[in-house]
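Student: I'm new to this one and would like a close look at a single part: the place where chain A meets chain C. Could you walk me through it, along with whatever helps me make sense of it?

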Amino acid sequence: MTWDVLNVIGTMAFAISGAIIAMEEDYDLLGVLILGLATAFGGGIIRNILIDVPMSTLWEQDILIKVTVLIIALIFFIPEGWIHFTKGWLNFFDAVGLSTFAIQGALYAYSAGHSLTAIIMAAVMTGTGGGIVRDLLAGRKPTVLRYDIYAAWAIIAGIFIGTGITSKPWELYLLCGILI
Amino acid sequence: MTWDVLNVIGTMAFAISGAIIAMEEDYDLLGVLILGLATAFGGGIIRNILIDVPMSTLWEQDILIKVTVLIIALIFFIPEGWIHFTKGWLNFFDAVGLSTFAIQGALYAYSAGHSLTAIIMAAVMTGTGGGIVRDLLAGRKPTVLRYDIYAAWAIIAGIFIGTGITSKPWELYLLCGILI
Amino acid sequence: MTWDVLNVIGTMAFAISGAIIAMEEDYDLLGVLILGLATAFGGGIIRNILIDVPMSTLWEQDILIKVTVLIIALIFFIPEGWIHFTKGWLNFFDAVGLSTFAIQGALYAYSAGHSLTAIIMAAVMTGTGGGIVRDLLAGRKPTVLRYDIYAAWAIIAGIFIGTGITSKPWELYLLCGILI
C-alpha cells in the first residue's frame, strides 16, 4: 500500500518535471508527452532494475499511465501566463520524485537486511534515476551532479530508513514531506 | 517465427542507422562497428529489459551478430560517391528499426492482456530505445524527441495491434511496410 | 574467486576514473562521490544486466561500497600538486576497469558455450559499459568511440578467452595485466 502510494506520487512528479523541461526546450505536444512519460516511467524502470521489481508490473498500471498522459497534456495546454509559475515548481516536482523513489530503494535494501552503506546507496541510485533519464534525453548534464542538494536528500532518506528511525507508513510520508 | 523475422530486420536496420551516424561523425572502422553494434543490440537489450526477454537470447544469436558485423563493415567501405545516397536512407533504416521493435513491444503487451494505453506505451518505448541509445552515444539529442513523426509511427503500431485490427503474421508485415 | 577479484579491481578502477573525471569538471565532494560511485556500480549494473547476474548481489557488497567511498574521498582530498599525476593515470584506471569487466563478460559467454563472435561482443559490451555511463553522466562523448584502443583491448580479451588460450585464473590475471 505505502509502496503503491509512493509509486503513484513519484511517477506523477517525474512526469510533470519531464514535461516542464520539454516545454523549456520548446518541444511539440508529442515531444512533451514522450519526455514526460520517459522521465516518469524511465525512472521507474531504472528503479525496477535496481531493486528487482519484475518489469511486467509496469504495463499493468493502466490507470496510472492514462492519468499521467492526461496530466502532461494539461501542463502543455496551461496558458502562457502560468509558465513562470510552473518553472519555479520544477525543483519541487523533482524533489518529490526523487524522495519517493529514494525511500522505495532504501526500504527495499533495508528489508533485504543490507548494511547502512548499501541502503544509502540504494536510496541515492533509485532516487536519482528518473532525473538522470530526463536530463540525458533533454541533452543536459544531470542535475543531481550539479546540485549537491538532491543527493543530500536521498542520503538523508537512506540514513533515516537504514537506522530504523522511520519505518511506519505515516513516518515515511512525513519523511517524504520533510525532504521536499 | 514472426518474432524472429522482426528481430532480424530491426537489428539490421538499427545497425545500419548506427553505422551511418558514426560515419557522419568521422569515426574509424572500429568506432563505426561499435556504434553500429551498440545501436543494433543496445536497442534489443532495452527491448529485452522492457518486455522481460531473458538476456541470454542475445548471446545465442551468433549468425545475426556475424552478419551485422559484416554489413556494418560493408557500409564503412562503400565508395565515397555512394555516401550521399546512404545518408538519405538514414531515416528509412531508422523507421524500419523503430516499427519492427514497436510491433514486438505492442504484441508483447497485447498478448499479456494489457489495456490499449499500455500497449501504445509499450510500442513507443520498445521502438524508440534503439534510436535513443544511438543518439546518446553519438552525443546528439534523441531524434524521437525532435521529430514527432517517429513517435507517431510507434503510436499507430500500438493502436493497430492493441485494437486487434492486425494480428496475423502477413498483416503485421504489411503494417510494418506501411509504417515505413 | 577469480570473479570476485576481477569485480573488486574493476569496480575500484572505474570509481577512481569517475572521480578523476568529476574533479576535471570541478564538482564538489558530493558530486565527485556520486559520479565515482555511478561509474563503478553503473558499469557493474550494466554488466549484471548483460550477463544475467541478479541485481541483489550489488547491494550485498557492503565492504566494497564502503572502501569505494573511502577511496573516492581520498582522491578528492589529494593535495593540488598531485592532480597532474592522477590525470595522467585516468587512462590506466579506465583500462583496468575495461579489461576486468571485459574478461568477466567473455568468461560468461564462453562458459555458456557461445560462438567466438558472441564472446567478443560480450567482452566489448560488458567492458565498455562503465566508461559509457561515466562519460554520458559527465556530458562527454563516450571515450570508447573516440579512441579505438579501448575497443581493441576488449576484443583481444574476447579472442583470448573465446579461443580457450586463457582459462586458468593466473592466465586471466596475466591477460588482465598485459591488456593494461
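Tutor: Here is a walk through chain A, then its contact with chain C, and then the way the copies are arranged.

Keep in mind that this is a predicted model. Let's get to know chain A before we go to its edge. Chain A has 10 helices and 0 strands, so reading from the N terminus you simply get α-α-α-α-α-α-α-α-α-α. Of its 180 residues, 61% count as buried. If you take the contacts within chain A that join residues at least 6 apart in sequence, 75% of them link residues at least 24 apart.

A spot inside chain A shows what that looks like. Start with S17(A), which sits in helix α1, residues 2-24. S17(A) counts as buried because its relative accessible area is 0%. Leaving out residues up to four places away in sequence, S17(A) touches T39(A), L90(A), F93(A), D94(A) and R134(A). With R134(A) there is also a polar contact, side chain to side chain, at 2.6 Å.

D94(A), one of those partners of S17(A), belongs to helix α6. D94(A) is buried too, since its relative accessibility is 5%. Again setting aside residues up to four places away, D94(A) is in touch with F14(A), S17(A), R134(A) and Y150(A). So R134(A) turns up in the contact lists of both S17(A) and D94(A). For a sense of the fold, D94(A) and G130(A) are 36 residues apart in sequence, while their C-alpha atoms are 8.9 Å apart in space.

Now for the part you asked about. The contact is made by 21 residues of chain A and 23 residues of chain C. Between the two chains about 2100 Å² is buried, and carbon and sulfur atoms account for 75% of that area. On chain A's side, M121(A), K141(A) and L145(A) supply 29% of the area that chain A buries against chain C, more than any other three residues.

What about charges and polar groups? The count between chain A and chain C is 1 salt bridge. In a salt bridge between these chains, the side chain of K141(A) meets that of E25(C), at 2.4 Å from N to O. K141(A) therefore appears twice in this story, in the salt bridge and among the three residues that supply 29% of chain A's buried area against chain C. As for polar contacts, the two chains have 4 residue pairs, both residues being at pLDDT 80 or more.

Which elements build chain A's side of the contact? Those that give two or more residues are α2 (29-50), α7 and α9 (148-162). The largest share comes from α7(A), with 8 residues. Sorted by type, chain A's side divides into 15 nonpolar, 3 polar and 3 charged residues.

Let's zoom in on one residue, S115(A). You'll find S115(A) in the loop between α6 (90-111) and α7 (116-137) of chain A. S115(A) counts as buried because its relative accessibility is 16%, which falls under the 20% cut-off. Apart from its neighbours within four places in sequence, S115(A) is in contact with D62(C) and K66(C). In other words, this loop residue of chain A has partners in chain C.

Finally, step back to see how the copies relate. A turn of 120 degrees with a shift of 0.0 Å along the axis lays chain A on chain C, with an RMSD of 0.0 Å. In chain A, the C-alpha nearest the axis belongs to L136(A), 4.4 Å from it. The copies use different surfaces here: 10% of the contact residues of chain A recur in chain C.

Chain B and chain C tell a similar tale. Chain B is superposed on chain C by a rotation of 120 degrees with 0.0 Å of shift along its axis, at an RMSD of 0.0 Å. That is the relation of a three-fold axis. In chain B, L136(B) has the C-alpha nearest the axis, at 4.4 Å from it. Different surfaces are used by these copies as well, with 8% of the contact residues of chain B recurring in chain C.

Technical notes: Residues are numbered from 1 along each chain as its sequence is written. Chains are lettered from A and ligands numbered from 1 in the order in which they are written. This is a predicted model: local features need pLDDT of at least 70, side-chain atom pairs count only at pLDDT 80 or more; totals for chains, interfaces and linings use all residues. Side-chain values use heavy atoms; hydrogens and water are left out. Copies are superposed by least squares on the C-alpha atoms of residues with pLDDT of at least 70 in both. Contact means heavy atoms within 4.5 Å. Helices (H or I, at least four residues) and strands (E, at least two) are DSSP runs, numbered from the N terminus. Buried means under 20% relative accessible area, exposed over 50%, partly exposed in between (1.4 Å probe, protein chains only). Buried area is the accessible area (1.4 Å probe) that two parts lose on being put together, summed over both. A salt bridge is a side-chain nitrogen of Lys or Arg within 4 Å of a carboxyl oxygen of Asp or Glu. A polar contact is a pair of N or O atoms within 3.5 Å; within protein, one must be able to donate a hydrogen and the other to accept it, and residues adjacent in sequence count only if both atoms are side-chain atoms. Ala, Val, Leu, Ile, Met, Phe, Trp, Tyr, Cys and Pro count as nonpolar, Asp, Glu, Lys and Arg as charged, and the others, Gly among them, as polar.
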